[in-house]
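Work through the following exercises with the sequence and the model open side by side. Each task is followed by a solution in steps.

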Amino acid sequence: MAERTEQHRERAADGARIPTVIADDVHIIYKVNGGSRGKGSATAALNRMLRRKTAPGMREVHAVRGVTFVAYRGESIGLIGSNGSGKSTLLKAVAGLLPTARGKVYTDGQPSLLGVNAALMNDLTGERNVMLGGLAMGMTREQIRERYQDIVDFSGINEKGDFISLPMRTYSSGMAARLRFSIAAAKDHDVLMIDEALATGDRKFQKRSEARIRELRKEAGTVFLVSHNNKSIRDTCDRVLWLEKGELLMDGPTDEVIKAYERETGR
Ligand SMILES: Nc1ncnc2c1ncn2[C@@H]1O[C@H](COP(=O)(O)OP(=O)(O)OP(=O)(O)O)[C@@H](O)[C@H]1O
């Protein structure tokens with residue numbers, strides 16, 4: 001892995017912690033077309049497209065409501081909350097993939113979002129996808145070639161045969177998720193965001209990825225992890241943000257927040 005550079009230190013020369021992400025009163029609103037009053041048929045939608053009309057009754061989903069926090073170098077932050085509470089939306093906004101309706105997100109460096117749905121090409125081989133994924137993260141061909149074997153070994157894709165030379169559509173969902181994680185984890189990120197990646201893959205792979213997350217943290221980036229698995233969060237994160245209905249309910253040390261969450265949800 002890359003050597004620690006000046007820029008990768010956890011603390012500034014005066015000993016102050018270095019912020020990597022600042023979310024200031026962030027609001028995210030999705031606008032949903034034709035959410036559907038009326039029949040919402042395909043013909044009606046086609047008609048609207050042809051006439052360039054906006055859908056009647058455009059609806060809004062206010063997914064994130066006034067979230068504020070500061071993340072620092074060397075932190076690993078878990079995002080928890082019930083289904084639909086806004087975790088993935090918040091990460092997408094931090095990654096710059098969704099505009100804020102109000103408020104601002106400031107980041108140091110380019111955040112990388114690794115979702116279980118990260119776009120790899122199903123018809124291409126695992127090998128080609130390693131190359132594409134690496135290039136998409138800003139690595140050079142040379143760097144990817146250097147790390148290629150590590151990526152494949154880490155993913156464990158070839159443990160049961162030569163799967164890396166087969167198209168990704170032949171992979172199980174666990175195998176595909178492992179390859180996505182392995183590609184993303186090959187680079188030292190300033191801010192790495194992982195959406196449920198650890199929920200997939202078997203226990204052995206989860207252990208390996210948890211270890212890699214700890215390593216990435218040591219290399220002084222900031223890691224965000226969205227997960228419904230409290231154990232993964234406990235094993236990996238030192239701080240947790242708890243979202244409910246788009247609002248930040250609690251922000252604090254992992255143990256405190258998870259305990260409060262478990263009391264509330266009975267899980
Ligand atoms: N593309 C979209 N268009 C419209 N609404 C959306 C879209 N994506 C998410 N939403 C809505 O935004 C809200 C937050 O969703 P989000 O996926 O961020 O929640 P989450 O906490 O990540 O959920 P989960 O734990 O189920 O993955 C939900 O009400 C959801 O219906």
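The model is predicted.

**Exercise 1. Strand pairing around strand 8**

Task: Find the bridge partner of Leu241 in strand 9, and state in which sense strand 8 pairs with strand 9 and with strand 3.

Solution.
- Step 1. Leu241 has Asp251 as its bridge partner in strand 9.
- Step 2. Strand 9 covers residues 247-253, and its pairing with strand 8 is antiparallel, over 6 bridges.
- Step 3. The hairpin formed by strand 8 and strand 9 has 2 residues between the strands, and Lys245 takes a positive phi near 50° there.
- Step 4. Strand 8 (residues 239-244) also pairs with strand 3 (residues 76-80), in the parallel sense and over 4 bridges.
- Step 5. For this pair, Ile80 has Trp242 as its bridge partner in strand 8.

**Exercise 2. An open sheet**

Task: Give the strand order of the open sheet of 3 strands, and identify which strands stand at the edges.

Solution.
- Step 1. The order is 2-1-4, and the pairing is antiparallel.
- Step 2. Strand 2 and strand 4 (102-107) each have a single partner strand, so one side of each lacks a neighbour in the sheet; these are the edges.
- Step 3. On average, neighbouring strands in this sheet are turned by 25° against each other, direction ignored.
- Step 4. Strand 1 and strand 4 are joined in the antiparallel sense by 5 bridges, and Ile22 has Tyr106 as its bridge partner in strand 4.

**Exercise 3. The shell around the ligand**

Task: Determine which elements give two or more residues to the shell around the ligand, and sort the shell by class.

Solution.
- Step 1. The residues surrounding the ligand are Tyr30, Val32, Val61, Ala63, Gly81, Asn83, Gly84, Ser85, Gly86, Lys87, Ser88 and Thr89.
- Step 2. Strand 1 (19-32), strand 2 (59-72) and helix 2 (87-94) are the elements that give two or more of them.
- Step 3. Helix 2 provides the largest share, 3 residues.
- Step 4. Sorted by class, the shell has 4 nonpolar, 7 polar and 1 charged residues.

**Exercise 4. Two helices, each with a buried side**

Task: For helix 6 and helix 8, list the buried residues and explain why they lie on one side of each helix.

Solution.
- Step 1. Helix 6 (residues 203-218) has 16 residues and spans 23 Å from its first C-alpha to its last, close to the expected 22 Å.
- Step 2. Its buried residues are Phe205, Gln206, Ser209, Arg212, Ile213, Leu216 and Arg217.
- Step 3. Viewed down the axis of helix 6, these buried residues fall within an arc of 145°, so they line one face.
- Step 4. Arg203, Lys204, Ala211 and Glu215 are exposed on the other side of helix 6.
- Step 5. Helix 8 (residues 254-265) has 12 residues and reaches 16 Å from first to last C-alpha, close to the 16 Å expected.
- Step 6. Thr254, Val257, Ile258 and Tyr261 are buried in helix 8.
- Step 7. Their arc around the axis is only 95°, which puts them on the same side of helix 8.
- Step 8. The face turned away from that buried side of helix 8 carries exposed Asp255, Lys259 and Arg263.
- Step 9. The spacing follows a general rule: an α-helix has 3.6 residues a turn, so residues three or four places apart point the same way.

**Exercise 5. One serine**

Task: Decide whether Ser182 is buried or exposed.

Solution.
- Step 1. Ser182 is located in helix 5 (residues 173-185).
- Step 2. The cut-off for buried is 20 or more other C-beta atoms within 10 Å.
- Step 3. Ser182 has 26 other C-beta atoms within 10 Å, so Ser182 is buried.
- Step 4. Gly156 is 26 residues away along the chain, and its C-alpha is 9.2 Å from that of Ser182.

How values were computed. Residues numbered from 1 in each chain as written. Predicted model: local features only at pLDDT ≥ 70, side-chain atom pairs only at ≥ 80, totals over all residues. Near = placed C-beta within 6 Å. Nonpolar A, V, L, I, M, F, W, Y, C, P; charged D, E, K, R; others polar. Pairing = 2+ DSSP bridges. Axes fitted to C-alpha atoms, helices over the stretch in contact; angles between N-to-C directions. Expected span 1.5 Å × (residues − 1). Buried ≥ 20, exposed ≤ 12 C-beta atoms within 10 Å, placed from the backbone. Arc of directions from axis to C-beta.
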